[in-house]
Amino acid sequence: MKDPLNFIIGGVGGQGNVLIGGLIGEALVKEGYIVTIGETYGVSQRGGPVMSHIRISREREYGPIIPFGAVDVVLGLEPLETLRVLVQYGNPDSTTISNIRPIYPINVLSGEAEYPSRNDIRESVIKLSGKACLIDASEIALGLGAAVLTNMVMVGALVAASLIPLSREMFEKQLNESMPGDKLSMNLLAFAQGFEAMKQPAFRN
């Protein structure tokens, strides 16, 4: 593993970036890794940009904010926010896994701005990454009855891709220890379906 491994989760407020970043960090710490996490926020309201910086090391503690151009792995919960991460932090060796389903900001919904097409986003993500995979995680989550499960679907895809030192067993154990009982089963299912989706080209674009 590259040390430190620089990992960013990008999305918008309400998608659960901070939740899954914390769960991933706790699971890695239990395996002996040194993990630092920092968050950056856009406008302080639901729907504003949220970026979680996670730095993973076996050697020492690093500063919580990743330097520009130095991200190794990007997990994007929303496609335009994935692009924002890559523009600032991406490099030719970055690997990206992104949800392709947009969440339209208020200025787009009001007609004041246009949202890029899916094809434009796909091409830009590929151009700004060394390797990229785009999946419709929102479709999987909606199939389970709750769009909020998109974050767990994406973690499943991330773990299946073996981009960070986190196994399926490690994350499922962390979920069992951290998630309230009434939410556990659906989150485990969303994680499992995201894991399996990485093997199904129908969910990748």
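# A first look at this predicted model

Helix 2, which spans residues 79-89, is mostly covered, with eight of its eleven residues buried. Keep in mind from the start that this is a predicted model. The chain around that helix holds eight helices and six strands, and half of the story below is about which residues they hide. Welcome to the tour, which goes from helix 2 to the whole chain, then to its cores and a few single residues.

**Helix 2 and its cover**

- The residues of helix 2 that count as buried are Pro-79, Leu-80, Glu-81, Thr-82, Leu-83, Val-85, Leu-86 and Tyr-89.
- Several elements help to cover them, including strand 1 (5-12), strand 3 (49-57), strand 4 (73-76), strand 5 (95-99) and helix 4 (118-128).
- Thr-82 is a good residue to look up in helix 2. Thr-82 counts as buried because its relative accessibility is 0%, under the 20% cut-off.
- Leaving aside residues up to four places away in sequence, Thr-82 touches Val-74, Gly-76, Leu-77, Thr-96, Ser-98 and Val-125.
- One of these partners, Ser-98, is 16 residues from Thr-82 along the chain, and their C-alpha atoms are separated by 6.7 Å.

**The chain as a whole**

- Read from the N terminus, the order of elements is β-α-β-β-β-α-β-α-α-β-α-α-α-α.
- A compact globule of 205 residues would have a radius of gyration near 17 Å; the chain has 16 Å, so the value agrees with a compact globule.
- The C-alpha trace spans about 50 × 40 × 35 Å along its principal axes.
- Of the 205 residues, 50% count as buried.
- The accessible surface comes to about 9500 Å², and carbon and sulfur atoms account for 53% of that.
- Of the contacts between residues at least 6 apart in sequence, 65% join residues at least 24 apart.
- There are 17 positive and 21 negative side chains, and the centres of these two sets lie 3 Å apart.

**Two nonpolar cores**

- In soluble globular proteins, nonpolar side chains tend to be buried together.
- The largest nonpolar core here has 42 residues, and those with the most contacts inside it are Phe-7, Ile-24, Ile-164, Leu-166 and Phe-171.
- Helix 6 (residues 150-160) gives the most to this core, contributing seven residues.
- Another core lies apart from it and has 16 residues, among them Val-71, Val-74, Tyr-89 and Tyr-115.
- Back in the largest core, Leu-166 touches Ile-24, Ala-27, Leu-28, Val-159 and Phe-171, not counting residues up to four places away in sequence.

**Two more buried residues**

- Ile-56 is part of strand 3. With a relative accessibility of 0%, Ile-56 counts as buried.
- Beyond residues up to four places away in sequence, Ile-56 touches Met-1, Lys-2, Asp-3, Pro-4, Leu-5, Leu-28, Tyr-33, Ile-34, Ile-164 and Pro-165.
- Ile-56 and Ile-135 are 79 residues apart along the chain, and 25 Å separates their C-alpha atoms.
- Asn-187 sits in helix 8 (residues 181-197). Asn-187 counts as buried because its relative accessibility is 9%, under the 20% cut-off.
- Among residues over four places away in sequence, the ones that Asn-187 touches are Leu-149, Met-152, Leu-175 and Met-179.
- Asn-187 and Ala-141 are 46 residues apart along the chain, with their C-alpha atoms separated by 9.8 Å.

**Backbone details to look for**

- Most residues other than glycine have a negative phi, and most peptide bonds are trans.
- Where is the cis peptide bond that involves Pro-4? This bond joins Asp-3 and Pro-4, with omega about 0 degrees.
- Pro-4 lies in the segment before strand 1, and Pro-4 is one of the residues that Ile-56 touches.
- Ser-162 has a positive phi, near 55 degrees, although it is a residue other than glycine.
- Ser-162 belongs to the loop between helix 6 and helix 7 (168-178).
- Is Ser-162 buried or exposed? Ser-162 counts as exposed because its relative accessibility is 59%, over the 50% cut-off.

How values were computed
Residues are numbered from 1 along each chain as its sequence is written. This is a predicted model: local features need pLDDT of at least 70, side-chain atom pairs count only at pLDDT 80 or more; totals for chains, interfaces and linings use all residues. Side-chain values use heavy atoms; hydrogens and water are left out. Helices (H or I, at least four residues) and strands (E, at least two) are DSSP runs, numbered from the N terminus. The radius of gyration is taken over C-alpha atoms; the globule rule is 2.2 Å times the number of residues to the power 0.38. Buried means under 20% relative accessible area, exposed over 50%, partly exposed in between (1.4 Å probe, protein chains only). Contact means heavy atoms within 4.5 Å. Accessible areas come from the Shrake-Rupley method with a 1.4 Å probe; for residues, only the protein chains shown count as cover. Lys and Arg count as positive and Asp and Glu as negative; His and the chain ends are not counted. The place of a charge is taken as NZ of Lys, CZ of Arg, CG of Asp or CD of Glu. A nonpolar core is a set of buried Ala, Val, Leu, Ile, Met, Phe, Trp, Tyr and Cys residues joined through side-chain atoms within 4.5 Å.
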